[in-house]
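Q: Please take a close look at one part of this model, its nonpolar core. Keep it brisk.

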There are 2 protein chains.
Amino acid sequence: MDSKEMAPGDIERRSFEIITEELGGRTFPPLEEPVVKRVIHTTADFSYADSLVFTHDAAHCALDALRAGATVLTDTNMALAGISKPALAKLGCKAVCYMADPDVAAAARAAGTTRAVASMDKACGIEGPLIVAVGNAPTALLRLAELMDAGKIAPALVVGVPVGFVNVVEAKEELLARRVPAIVARGRKGGSTVTAAIMNALLYQITRPGGPK
Amino acid sequence: MDSKEMAPGDIERRSFEIITEELGGRTFPPLEEPVVKRVIHTTADFSYADSLVFTHDAAHCALDALRAGATVLTDTNMALAGISKPALAKLGCKAVCYMADPDVAAAARAAGTTRAVASMDKACGIEGPLIVAVGNAPTALLRLAELMDAGKIAPALVVGVPVGFVNVVEAKEELLARRVPAIVARGRKGGSTVTAAIMNALLYQITRPGGPK
């Protein structure tokens with residue numbers, strides 16, 4: 001084996017074939033299947049085939065929002081870095097993360113809260129279709145739920161995949177109890193790479209028709 | 001549960017306590033334990049307690065290199081985004097990723113190879129102690145092995161945690177067959193968040209003495 005053996009596109013295609021084989025005969029709704037498979041592709045963890053849930057026609061709502069030029073708000077710069085910029089640009093979408101913004105740090109300090117919470121407050125000012133993608137901070141999901149309950153924010157989709165051991169499972173269940181379209185990895189697992197994989201799988205359904213599912 | 005319940009530092013401490021509890025009585029070498037636990041913290045995946053291997057006194061060599069102001073080269077901008085910039089700065093270290101550099105793209109095109117391979121070639125020009133941290137492209141690891149064999153590069157540490165289904169397991173075993181200090185997640189799993197977690201766990205051992213292990 002040398003370092004020049006296979007092109008990246010071929011590797012991706014072969015990887016999706018292996019994932020399909022190892023999923024056996026399992027089937028998923030057509031708009032959800034590419035999401036499940038890309039998350040497995042990103043993590044090599046087949047448990048996501050069971051833990052990923054889609055509520056209120058989430059995949060369909062996501063594609064509508066992306067076709068309408070949505071803003072994608074992430075809670076980490078890692079997730080932001082992982083979302084395909086060419087795919088976003090092709091659809092007139094953009095991705096933002098407020099975690100490093102000085103006004104968010106100042107607001108968090110003033111309110112005695114976290115930057116994750118303050119960045120959800122700032123998101124209430126975003127115009128147009130909004131996708132909120134949370135891969136790290138369960139407090140961001142909890143604050144989002146409070147803001148939705150108060151009628152201050154109405155995302156077209158929430159991706160709720162924070163990872164961890166404290167408040168994570170509970171925050172995801174709080175999200176699932178809301179009437180918002182959501183894609184959630186139930187349990188402890190998730191993270192920035194899972195967030196980016198979900199968003200890219202949604203984007204590629206529009207920008208790469210016929211690409212690996 | 002509301003969004004203001006716990007400070008991030010408290011959540012991290014409690015998370016590490018839970019991880020320690022769930023690892024039962026398992027013990028790890030002192031310099032490796034914080035790495036294993038932070039990877040589990042980042043992934044909520046206890047399989048890393050078995051799959052992470054450290055060769056040739058890797059953790060010790062890593063800390064020496066970081067104390068000497070190492071350059072950390074990553075193969076994704078996601079991993080780069082996840083490595084603590086304050087911790088790097090405190091030690092006079094820096095992290096770089098060449099994947100988006102125009103000269104790397106041009107070199108890859110000219111050689112009919114991938115940017116991951118071309119970025120390893122570019123890394124041969126880095127002066128001073130070098131840590132190469134690969135969380136995505138198995139071809140980067142394979143090229144690195146070729147360059148080490150040819151005497152063109154001599155990293156103080158290689159972090160080898162690409163994730164995936166094609167060439168990943170084999171590339172990790174190629175790395176483990178070399179005489180270089182290496183931290184490797186055997187098998188298919190790994191990724192950019194795992195890369196960043198390993199680097200941060202090493203950095204924090206120097207910059208946060210007494211912090212959560």
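Which residues have the most contacts inside the largest nonpolar core?

A: The model is predicted. In its largest nonpolar core, the residues with the most contacts are Ile198(A), Leu202(A), Leu66(B), Ile198(B) and Leu202(B). The core has 161 residues. Helix H11 of chain B, residues 192-207, gives the most to this core, with 10 residues.

Take Leu202(A). Leaving aside neighbours within four places in sequence, its contacts are Val35(A), Ala59(A), Ala62(A), Leu63(A), Leu66(A), Leu157(A) and Ile183(A). Contact here means heavy atoms within 4.5 Å.

Ile183(A) leads on to the strands. It is the bridge partner of Phe54(A) in E6(A). Strand E6 of chain A covers residues 182-185 and pairs with E1(A) in the antiparallel sense, over four bridges. Strand E1 of chain A spans residues 52-55. Leu52(A) and Phe54(A) point one way from E1, while Val53(A) and Thr55(A) point the other way. All four are buried.

Now the record. UniProt, in an unreviewed entry, lists residues 10-204 of chain A as "domain: Cobalamin biosynthesis precorrin-8X methylmutase CobH/CbiC". That span is 53% helix and 13% strand. Its end C-alpha atoms lie 16 Å apart.

Last, the two copies. A turn of 180° with a shift of 0.0 Å along the axis lays chain A on chain B, with an RMSD of 0.0 Å. The copies are thus related as by a two-fold rotation axis. Met78(A) comes closest to that axis among the residues of chain A, at 2.4 Å for its C-alpha. Of the interface residues of chain A, 100% are also interface residues in chain B, so the copies meet through the same surface.

Conventions. Residues are numbered from 1 along each chain as its sequence is written. Chains are lettered from A and ligands numbered from 1 in the order in which they are written. This is a predicted model: local features need pLDDT of at least 70, side-chain atom pairs count only at pLDDT 80 or more; totals for chains, interfaces and linings use all residues. Side-chain values use heavy atoms; hydrogens and water are left out. Copies are superposed by least squares on the C-alpha atoms of residues with pLDDT of at least 70 in both. UniProt positions are given in the numbering used here, feature names are shortened, and annotations may be inferred rather than shown by experiment. Helices (H or I, at least four residues) and strands (E, at least two) are DSSP runs, numbered from the N terminus. Buried means under 20% relative accessible area, exposed over 50%, partly exposed in between (1.4 Å probe, protein chains only). Two strands pair if DSSP finds at least two bridges between them. A nonpolar core is a set of buried Ala, Val, Leu, Ile, Met, Phe, Trp, Tyr and Cys residues joined through side-chain atoms within 4.5 Å.
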